[in-house]
Amino acid sequence: MSAVAMTVNGKPVTGDVDPRTLLVQFLREHLRLTGTHVGCDTSQCGACVVHVNGKAVKSCTVFAWQLEGADVLTIEGLAEPNGPLHPMQEAFRENHGLQCGYCTPGMIMSAIDIVNRKGNELDEKTIRHELEGNICRCTGYHNIVKAIAAGAKTMGGGGSAGQQAAE
Amino acid sequence: MYEFKYHRPTTVRQAAGLLARQEEAKLLAGGHTLIPTMKLRLAGPKHIIDMSKIEGLSGIEAGARSVTIGAMTRHNDVATSPAVQEAIPALASLASQIGDPAVRHVGTIGGSIANNDPNADYPAACLGLGAIIITNKRRIAADEFFKGLFETSLEPDEIITKVQFPKVNKAAYIKFHNPASRYALVGVFVSKRGSEIRVAVTGAGGNGVFRVNSFEEALKKRFGPKSLEGMTIPADGMGSDIHGSAEYRAHLVGVLARRAVAAAVA
């Protein structure tokens, strides 16, 4: 067993887990934060994306013990319980950026990372390129791309997700 | 996944000692090849040696004639480094095309080169630029480093600490991505440094990265895409799998080499 201590969604957490425990398993099974999903065996699908020290990381491809001292943000950490949704979450809601919802937490976490790296004015080509590591089986990506463009604008203080949906 | 013990050395010497002493030990750099392989039970190391706590293995230094990159430097840091973009833009471009954004936040150059996946990108840059791989024991020229499928000339307790890339006059990397995995079905890196021409191919070879001497000779006369017009390489020795036949890969080598030279002179 290995002891690990990290910060998750602003709160310090500890665990004593088998060294084989992946970060995604630690989040889901030990912390009961089941918003982060496991979608593939091959590190391709992106359903497991969280932020580690401010950067998008595939949580199925790191061990929990590697995260000693790290700052982890999951989909659950974007908004207060009963509080308003994060602008990116709101944009996905307004633009119907999901169907079954399985890829959605990973899409949203990746989207926020794209904004952090590429700014608030994202064109379609950029968004589609930056979503290389996220697979969706339901939507054909069209509304995901619209949602991300809208969410990016709102995160920058401009535009409104509702207006984008009408265009 | 099979059970293992993990170790978090704080120096290269400690890490090398662990590699030498422990049976079935593997270094953990970015882990984005090792961990998926372990999840599929295709690898079952009994000891994992985490390299992330060792100081001095990350970072990028640009000198007058070369750029040196620490082995634990993440792909995204190479791709977005102003120093690399200025000194060897083709190298930054290559790093920006590895995997996807989340993978690029974690994967490392040292891990990629030590693994020598026949579909990886960095081996093409190393061979295509004539890099020097610096370990805890030696300096190894790229031409002597890549030995075959997943095989390098690294000794069992040898650890890559940095990679030194010479600056060149012209260079470019063109990659034909596998649409799902983003690995290189075929990737071609070309460079010209004075009269030294290199054309390095990844993805196509059945035995890993290789140089195309016939293309290099043709480009010595004139470094332009027309010099490669109509030139092909034999399908012999090319890899063949569900993603592409040997003939298709050989064909792509010619196409991508012409595009790479065109990009390098543009």
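Helix α8(B) is mostly covered: eight of its eight residues are buried. This is a predicted model. α8(B) lies across an open sheet of chain B, whose four strands run in the order β11-β12-β13-β14 with antiparallel pairing. Chain A meets chain B through 21 residues on each side. Helix α3(A) gives two or more residues to that contact, and 12 of its 15 residues are buried.

**Helices on the chain B sheet**

- α8 of chain B spans residues 122-129 and lies across β11, β12, β13 and β14 of that chain.
- The direction of α8(B) makes about 165° with that of β13(B).
- The buried residues of α8(B) are Y122(B), P123(B), A124(B), A125(B), C126(B), L127(B), G128(B) and L129(B).
- Just past α8(B) comes G130(B), with a positive phi of about 70°.
- A further helix, α11 of chain B (residues 246-265), also packs on the sheet.
- α11(B) touches β11, β12 and β13 of chain B, and its direction is at about 40° to that of β12(B).

**Strand pairing in the sheet**

- The edges of the sheet are β11 (170-177) and β14 (210-211) of chain B, each of which pairs on one side only.
- β11(B) runs antiparallel to β12(B), residues 184-193, and eight bridges join them.
- Within this pairing, K170(B) faces K192(B) of β12(B).
- β12(B) pairs with β13(B) over seven bridges, again in the antiparallel sense.
- R193(B) stands opposite E196(B) of β13(B).
- A hairpin links β12(B) and β13(B), with two residues between the strands.
- G194(B) sits in that turn and has a positive phi of about 65°.
- Two bridges connect β13(B) and β14(B), which are antiparallel.
- There, A200(B) has R211(B) of β14(B) as its bridge partner.
- β13(B) is largely enclosed by the rest of the structure, because six of its seven residues are buried.

**Where chain A touches chain B**

- The contact involves 21 residues of chain A and 21 residues of chain B.
- On the chain A side, the elements giving two or more residues are β4 (55-58) and α3 (104-118).
- β4(A) supplies the largest share of that side, four residues.
- By type, the chain A side divides into six nonpolar, eight polar and seven charged residues.

**Helix α3 of chain A**

- Does the length of α3(A) fit a rise of 1.5 Å a residue, or what span should its 15 residues have? The expected span is 21 Å and the end C-alpha atoms are 20 Å apart, which agrees.
- α3(A) is largely enclosed by the rest of the structure, because 12 of its 15 residues are buried.
- The buried set is T104(A), P105(A), G106(A), M107(A), I108(A), M109(A), S110(A), A111(A), I112(A), D113(A), I114(A) and V115(A).
- Cover from chain A includes β3 (49-52), β4, α2 (87-94), α4 (124-130) and α5 (142-155).
- Chain B contributes to this cover too, through α6 (101-104).
- Just after α3(A), G119(A) has a positive phi of about 95°.

Technical notes. Residues are numbered from 1 along each chain as its sequence is written. Chains are lettered from A and ligands numbered from 1 in the order in which they are written. This is a predicted model: local features need pLDDT of at least 70, side-chain atom pairs count only at pLDDT 80 or more; totals for chains, interfaces and linings use all residues. Two residues are in contact if their C-beta atoms, placed from the backbone, lie within 7 Å. Ala, Val, Leu, Ile, Met, Phe, Trp, Tyr, Cys and Pro count as nonpolar, Asp, Glu, Lys and Arg as charged, and the others, Gly among them, as polar. Two strands pair if DSSP finds at least two bridges between them. Axes are lines fitted to C-alpha atoms, for helices over the stretch in contact, and angles run from 0 to 180 degrees between N-to-C directions. A residue is buried if 20 or more other C-beta atoms lie within 10 Å of its own, exposed if 12 or fewer, and partly exposed in between; C-beta atoms are placed from the backbone. The expected span of a helix is 1.5 Å times one less than its number of residues.
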